[in-house]
Structures are given as structure tokens and as C-alpha cells.
Amino acid sequence: QLPYDDLTSALHDTAAQRAEMKSNKAVAHWFRWDLRLADNTGLYRAAESAKSHGLPLICLYIFSHQDFEAHCTSPARIDFCLRTLQVLKDDLAKLDIPLWVEEVTDRKRMQSHIIDWCDKWGVNELHANMLYEVDELRRDAKLVREGVKKDLSFTVHHDTCVVEPMVLRSGAGKTYSVFTPFFKSWEPYLYRNKCVQDLFPPPGKNDPKYNTEETFKELFSQAAFPTPNAGKQLEQKVAQRLKKLWPAGEHEARSRLRRFLEERVSKYVDTRNRPDNDSGTSGLSVHFAAGTLSARQAVRACMDHNKAKTLDSGHHGWIREICFRDFYKQILAANPHVCMNKAYHEEYHNVTWEYNEEHFQRWVEGKTGYPIVDAAMRQLATNKYMHNRCRMIVASFLCKDLLLDWRKGENYFMSQLIDGDFASNNAGWQFCSSSGTDAQPYFRIFNPLTQSEKFDPDGEYIRRWIPELSKLEGKAIHDPAGRLSPAEFKKLGYPEPIVEHKAARERALERYKTGLGKN
Ligand code: FAD
């Protein structure tokens, strides 16, 4: 049985028992990657229930260092999460709602820890939003069942997607495995079911009669959050820079969305593939990943901003990208094996990879000798973000040109990205390694030189990230080793290409063909 179906069954089977449970002191919401007050399904349901039972609402966030390790969560993402929690705590305090942040050292004890916490604060009704990774689905299903035995009603809501996973089915009743038909089904469903029509308001203020400050004094008085990932935190200088680059919290998310819609969305289709244009895309992925912005809020705002009856290409194109996010969450829910280091198309297991640690390190450090690849890897190391076109170029380069296992790249991305999201990252890597949902077979191999000329035509992106090449003009910026004399090239202090693309391409085609032939 799929872990997703098991959780759905657990919720269904316990529904009647859970409905009978009444909190005696408070109703609680457990925040995970949904760090916002507005349009938060679980939080809204918890607040509504609290109001109808005449009880206060209290909130909880628990992190586990082991969870972060298991998902290779980057220090930048953890830092963003902590900064967001501070915004959230301040906003909740204005509503007389406490937010308690806690660390669980042994993640196997998460359930019992939550049950104890609820017991301590007189909570018999706990709400959260669903996470679709296997471990998280299993943990939630267990807590739903365990909770019932311990008089705790734990309800998990669909929230992160515009259209909840597993709902859209092909004519044969199967979940979709290719994006285009998924989108063709997603878009009309969205309108038909008014998925973004009624967004949930933030919770109201706790009634003063509950005297929450006194009753939950300990929860309000938490002076500082525990700091996860001891020893792996960002250097202060880096943390300060990232704070400026990626301000946290839902207010920032909404104002970034507003700015994007007002200034740039209408040109999105022309600018989205250009890494040399810093504002060609929204830069909102960090907010979607942390849950400081809901996908529904984004789609709704985009539709409202489009004044004409039908969406223009920019607005439509951007909503289509948001649909990619839904698609990959649904791939995850329907295919739990992708959470277990397995290829989505399992026949790709038999590709034999190279094990060349030096090549991997040179890829990581941005020293492959391919300027577009190196610029992108240096952007990732510095800004903890990389443009989508470049993510595809560097991923293809790792799996095809270097023939290194895509899982190494997947993990490295997660360990760096501030917007790291398992579903999108895994799917992005599987797409580029041809083991995923790409409708094209393994012959799709990006040529880093032509990609560079096409998407960074003036070499501005490369110049920004590779100071060694900053003085180069014309086509030499894309291919210095191929276009300069050996003496000119040597002067640059830039590495020679670690592989020759044409030969590497042939090797990859052969290796994939042989791997697939073994099935
Ligand atoms: P915009 O162009 O403004 O798009 C708006 C939103 O649509 C994004 O914020 C994102 O939520 C969604 N979106 C856009 N493109 C994609 C896509 N291809 N797949 C899924 N969602 C998409 N995205 C992540 O959020 N986290 C990741 O860890 C991640 N890893 C990736 C790894 C690889 C190898 C590849 C090829 C792609 C990955 N992506 C990931 C998808 C994409 O690169 C980023 O979502 C995008 O670059 C974010 O920038 P933006 O917010 O300016 O995007």
C-alpha cells in the first residue's frame, strides 16, 4: 500500500472517533513547511475549531536534526526557516497565540513527544498540513492511529498544492506520468473547482477571556529558539548576506510576489530562460519551499493581476510553472520509490556510473572548464540559489558529460539550496538524467556551449560569476579553451575543460544504451 493511501485510510478510519474528542484547554496547529498565517489550511481549521469550542489556539514547531540530515537540508534553508519562525512568532504574539519551537534529538520519538506536549497543554485536537515524503507520510499515519488511543485527534490537511495530489487521473484512471497531459487536466480542474477562489484568512485574535498569556506563560516566554544543526551553521558573514538577499517571512513573500506581478510577469515567457537577467523569474521558490507563500495565493494573485478575460502568455506561462510544482508533488505521492534513491523509471537502475571524485569536486567548485557550468555552480555556492535553466545545464553535465550518478548531484543541491524541495529537486535531477518524467528518451544531452550562447548570449552571467573571464569579449566567453590561442588561454588562470563534450556525449549514449539493454 502507498504510504499516501495508508495515511488517507488512517484519517478515514479514525474520523468518527476523532470527531468525538474535545480539547479541554486548547486546540493546536503544528507548523512544518507551511510557515505562514494567511491561506494556511491546517491553521485555519484549527482556528475555526478552537473558536467553535470556545478554546484558545496555540502553535508548535518541532525540528529534528536527524530529519534535516536525512533530507540533506542546507544550512541556508534552516537559517531561512529560523528567521521565518521569528516573524511568525511575532505575528502570532500580536494575536495572543503562542508559538513554541522545540528540538527532538531522536526523531523516532517524534510521535510520543508530540503526544506528551499535547497532553501537557490540554490539547486533544491537533492539526497539521500534509508532507508527501515517505517518512513523513508514515510518521503522520502512525500519529493519527496512536493519537486516537491516547485521546488525541490528529488531523492532516492537504495544503501545499493548488490541486491535491492523486486527484487528477488519466482516462485509464492512472495518475499522470507526463507533465503536459497533467497540465491539460489541472487547468480546467482549477477553474471548475474554484481551487483559488476562497483563500483562508489568517486566524483571529485569541479571546482575552482565555487569558492565554497567563495560562501558556511558559510557551510565550521562550526567549530564543534552539539552534539546529550545531556545528553546521552558516558563518555569520554568510548569514548576514543571505538575510539581505533572501529576506524571510510571509510579508516579504507577498511583497515579492506583488513586485514580480507588477513589474515582470507580462514579459515572463521571454525572460524566464535568461540567467543573465536577475529579474527574469520571480525568485519565489524559497517562499514556496518554506511555505511562506501558498501556491494558491500565487495563482490567485496572478489571475487577479491579469486584467483581460483570458490570461496573456506571461501570466499563463507563470501559472504553468506553478503547476510543475504540483505535478512533482503528485509524482512523489504516487511513486514512493523515488524517495528511496530509486529511479522513477526503474529500468534506468542499470546505467553504470563513473566514480571520479576529482570530477565531482571540480563540478562542485565550478572548475570544469565550461564557463556556463562553472558560473552556475559558483552562483549556487554563493547565493544558495541557481537559475532554472542553469540547474538543467549543470545537472545534464554531471549525469551525461561526466557520467556521475545523478543522486550525488541531487544530494549536493539539497545541501546547498535555500529553496531545496525534495519533490522538485528529485524530479529535476531525474528529468535531466533521463530516468524521470521527461517524455524524451536518454538522447537528450545538453551541449553546454550552445546552451551558453543561446541563454547567456552576451556572456553577462558568466562574467558576473567567473572573474577570471571578466575581460573576455565575443564568443570566447562561452568557450575560452576552444577559441583563444593556448598562450591567451593560459594567461586567464581558468581550467581546461575536464571532458571534451562530443566524446563525452558519445560515451553517455553508449553507456545508457548498454544499461537499458541489461533489462
Ligand atoms: P519561477 O520561474 O518564477 O517559477 C515560479 C515557481 O514555479 C517556482 O518558484 C517553483 O515553485 C515553480 N517551478 C518553476 N519551475 C519549476 C520546475 N522545473 N519544477 C518544479 N517547480 C517549478 N525547485 C525548487 O523549488 N526546489 C528545488 O530544490 C529545485 N531543484 C531543482 C533541481 C533541478 C536539477 C532542476 C532542473 C530544477 C529544480 N527546481 C527546484 C525547479 C526550478 O529550477 C526552481 O523552482 C526555479 O528555478 C525557482 O526560481 P523562481 O522561483 O524564480 O521560478
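**Ligand shell**

I began with the ligand in this predicted model and looked up what surrounds it. Of the 27 residues around the ligand, the nearest are Thr 281, Ser 282, Ser 285, Asn 425 and Gly 428. I then asked which elements give two or more residues to this shell, and found four helices: H14 (285–290), H16 (313–334), H19 (388–401) and H21 (422–432). Sorted by class, the shell holds 12 nonpolar residues, nine polar ones and six charged ones.

**Confidence**

Before going on, I checked how far to trust the coordinates. The mean pLDDT of the protein is 95, and 99% of its residues reach 70 or more. For the complex, the predictor gives an ipTM of 0.99 and a pTM of 0.97. A reminder to myself: where pLDDT is low, the predicted coordinates should not be read in detail.

**H16 and its partner H15**

H16 is one of the helices in the ligand shell, and I wanted to know what packs on it. I describe two packed helices by the angle between their axes and the distance between the axes. For H15 (residues 295–305) and H16, the axes come within 10 Å and cross at roughly 165 degrees. Because that angle is over 145, H15 is roughly antiparallel to H16. I also noted the hand: H15 passes H16 in a left-handed crossing.

Which residues of H15 and H16 meet? From H15 I listed Ala 295, Ala 298, Val 299, Cys 302 and His 305; from H16, His 315, Trp 318, Ile 319, Ile 322, Arg 325 and Asp 326. This contact of H15 with H16 divides into seven nonpolar, two polar and two charged residues.

**H16 and its partner H8**

Next I turned to H8 (residues 179–192), which packs on H16 at an angle of about 110 degrees with the axes 10 Å apart. H8 is therefore roughly perpendicular to H16. On the H8 side I found Phe 179, Phe 182, Phe 183 and Trp 186, and they meet Arg 320, Cys 323, Phe 324, Asp 326 and Phe 327 of H16. My tally for the contact of H8 with H16 is seven nonpolar, two charged and no polar residues. Asp 326 caught my eye: I had it in the contact with H15 and have it again in the contact with H8.

**H19 and its partner H18**

H19 also gives residues to the ligand shell, so I looked there last. The axes of H18 (residues 371–383) and H19 come within 9 Å and cross at roughly 115 degrees, which makes H18 roughly perpendicular to H19. H18 passes H19 in a left-handed crossing. Ile 372, Val 373, Ala 376 and Met 377 in H18 meet Cys 390, Ile 393, Val 394 and Phe 397 in H19. I counted eight nonpolar residues in the contact of H18 with H19, with no polar and no charged ones.

Methods. Residues are numbered from 1 along each chain as its sequence is written. This is a predicted model: local features need pLDDT of at least 70, side-chain atom pairs count only at pLDDT 80 or more; totals for chains, interfaces and linings use all residues. A residue is near a molecule or strand if its C-beta atom, placed from the backbone, lies within 6 Å of it. Ala, Val, Leu, Ile, Met, Phe, Trp, Tyr, Cys and Pro count as nonpolar, Asp, Glu, Lys and Arg as charged, and the others, Gly among them, as polar. Axes are lines fitted to C-alpha atoms, for helices over the stretch in contact, and angles run from 0 to 180 degrees between N-to-C directions. Angles under 35 degrees count as roughly parallel, over 145 as roughly antiparallel, 65 to 115 as roughly perpendicular and the rest as oblique. A crossing is left-handed if the near helix is turned anticlockwise from the far one by less than a right angle, and right-handed if clockwise. Two residues are in contact if their C-beta atoms, placed from the backbone, lie within 7 Å. pLDDT is the predictor's confidence in each residue, from 0 to 100.
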